[in-house]
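Student: Please take me through this structure by question and answer. Kindly explain each term when it first appears.

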Amino acid sequence: MTDQFNQLLVASNRLPIVLKREKDSWRMEPGSGGLVTALTPLMQKHTGTWVGWPGITDETDLLAPMQDFSSQQGYALHPVHLQAEDIQGYYYGFSNEVLWPLLHGFHSKCNFEPEYWSTYTRVNEQFAEELVNISEAKDFIWVHDYHLMAVARGIKNAFAERNCCYFHHIPFPGPDIFLKLPWRQELLDALLDFNLLGFQTNEDVINFVNTVKSVFSDAEDSFEQGLFHIQCAGRVCKVGAFPISIDFDFFARKAKTPEVGAITAKLKNLHSEQQLLLGVDRLDYTKGILERLQALRYALEHYPDLRGNLSLIQVLVPSRQKVPEYQYLKEQIEGLIGEINGQFTEPGWIPIHYLYRSVSQEQLIAFYITADIALLTPLWDGMNLVAKEFCASNYEEDNVLILSEFAGAASQLYQDALLVNPYHVGEVARVIRRAYYMHKSERAERMKRLRELIKATDIFSWLESYLEAAFEGKSGTGRQERPYHYLSGTCSNRT
Ligand code: GDG
């Protein structure tokens, strides 16, 4: 299937690199994460090019580090030069103040500033222009995420024939929410110019199809071989669910290394008297951190048997630090953590250990192993890779995953995770207590099945199924997913 195209071009808002300043020059390191790991062999095979913004507006001295990167990694980087005002309107503006809240269902947080839309379309056209200039008809262009939803439109406007497909990493809401967007018709129309649209879950796909049909009365859809085919204004666009995943074997292996083992042993020693809950999130209002803290407080207030016996480790990774709303959220979270710790701490026990920083991958995996219970309760999340990483790292299979039913990951892990409605603090508190008392044999059975499922649907199988849909027009991944209305209150999880 990978012989069906010549060069692979991947486009995302940011290039997959970490830039480090060294005196007068920049050092460039490859970014980490499942997507980069999965795509690298394919990029190498097709001598691919990754197109994106490098993260700085002055790019004069990036040429040499980029060439070094290419010769070391076996694929090229192509920078898209953006000015400070482009970043403001396209990234901070339309992407972060319109699309991010809207597509996560927080339409009341949107700032529908008309200038943002024009900058967004201009920057998307700039990406399209660069992609056309460095590609040929037999190449495959794969665009990632909501910053670049209008790139295929730009390619079409340039009268270039390209196979251009898209993967959407965050949720897609139903028409009731999406239709609030002032540029709903233009944006949907632009999306339909892609040959294939990949979403995380079946729910996202259904929401998208319904939204298209509510905006374009002439749109027709059919369902064949696991994919929707939408016909609209003379085009056919395939649409399917491809739940993204992780490099399972990497986490399972890394968890057993001496470096991780040393950190884990220290942590276990420090917390030998308590069970640990773990939360790992970027600081964001979609992650449900305040609700999670309220649930913990409720649990400690209503179940005195948990006091002194259960602590939460909350890792909060700084994000969008210049945005006032995020600064305010940080203050609220820290205020609530202070209140809960003030209310319950006793000599020798503290309810919440709070880390406001990014930790090393070894430290993160040690947290995954040491924690008895992961408490991942986003209000809405495209997938939530932390849930899958937690399971993959737990080779001893003795831990419990509590997961929001509104995380995309719940669409696959619903049978063996304990699903919760993150808005229902009483329910989350009860499930925390249930997890605390869950017998080790039940923990082991559930975790074993979770790990088998995640291993069988890892990032490499995600990649394969996406390419199969792009080139052979069929998809089987949807079969892994829960029935449409499997919610925590309506069906009990496997007992
Ligand atoms: C989007 C969607 C979707 C976290 N803290 C640390 C750290 N991490 C790493 C984790 C994980 C990643 O960051 C976060 O993954 P999420 O899935 O939660 O994703 P988002 O960044 O919100 O991204 C999301 C994803 O795209 C993929 O499609 O799942 O729904 O929002 O890999 O390991 N890594 C290190 N230190 C930390 O402190 N080293």
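Student: How far does the backbone nitrogen of Ala 387 lie from a polar atom of the side chain of Asn 384?
Tutor: This is a predicted model, in which local features need pLDDT of at least 70 and side-chain atom pairs count only at pLDDT 80 or more, while totals for chains, interfaces and linings use all residues. Residues are numbered from 1 along each chain as its sequence is written, and side-chain values use heavy atoms, with hydrogens and water left out. The Asn 384 side chain reaches the backbone nitrogen of Val 386 at 3.3 Å. For the backbone nitrogen of Ala 387, the distance is 3.0 Å.

Student: Is Asn 384 buried or exposed?
Tutor: Asn 384 sits in the loop between β15 (373-376) and α14; helices (H or I, at least four residues) and strands (E, at least two) are DSSP runs numbered from the N terminus. Leaving aside neighbours within four places in sequence, its contacts (heavy atoms within 4.5 Å) are Leu 376, Pro 378, Ala 407 and Ala 409. Buried means under 20% relative accessible area, exposed over 50%, and partly exposed in between, with a 1.4 Å probe and protein chains only. Because its relative accessible area is 8%, Asn 384 is buried.

Student: Which residues come nearest to the ligand?
Tutor: A residue is near the ligand if one of its heavy atoms lies within 4 Å of it. The shell holds 19 residues, of which nine are nonpolar (Ala, Val, Leu, Ile, Met, Phe, Trp, Tyr, Cys and Pro), four charged (Asp, Glu, Lys and Arg) and six polar (the others, Gly among them). The nearest are His 169, Val 359, Asp 381, Leu 385 and Glu 389.

Student: What percentage of the ligand's accessible area does the protein cover?
Tutor: Polar side-chain atoms of His 169 and Gln 200 lie 2.7 Å and 3.0 Å from an oxygen atom of the ligand, and a backbone N or O atom of Leu 385 lies 2.7 Å from one. On its own, the ligand has 740 Å² of accessible area, computed by the Shrake-Rupley method with a 1.4 Å probe. The part covered by the protein is 76%.

Student: Where does the ligand lie with respect to domain 1 and domain 2?
Tutor: The chain is divided into domain 1 (2-241) and domain 2 (248-456), with bounds from an automatic or database domain assignment. Their centres, taken over C-alpha atoms, are 31 Å apart, and 18 residues of domain 1 are in contact with 14 of domain 2. Both domains give residues to the shell, so the ligand lies between domain 1 and domain 2.

Student: Which element gives the most residues to the shell around the ligand?
Tutor: β12 (275-282), α13 (361-370) and α14 (385-393) each supply at least two residues of the shell. Seven of the ten residues of α13 are buried, and what covers them includes β12 and α14. With three residues, the element that gives the most is α13.

Student: What is the relative accessible area of His 147?
Tutor: His 147 lies in the loop between β6 (140-144) and α5 (151-157). Not counting residues up to four places away in sequence, it touches Asn 13, Tyr 90, Tyr 91, Ser 95, Tyr 120 and Asn 124. His 147 is buried, and its relative accessible area is 9%.

Note on methods: Polar contact = N/O pair within 3.5 Å; in protein donor to acceptor, adjacent residues only side chain to side chain.
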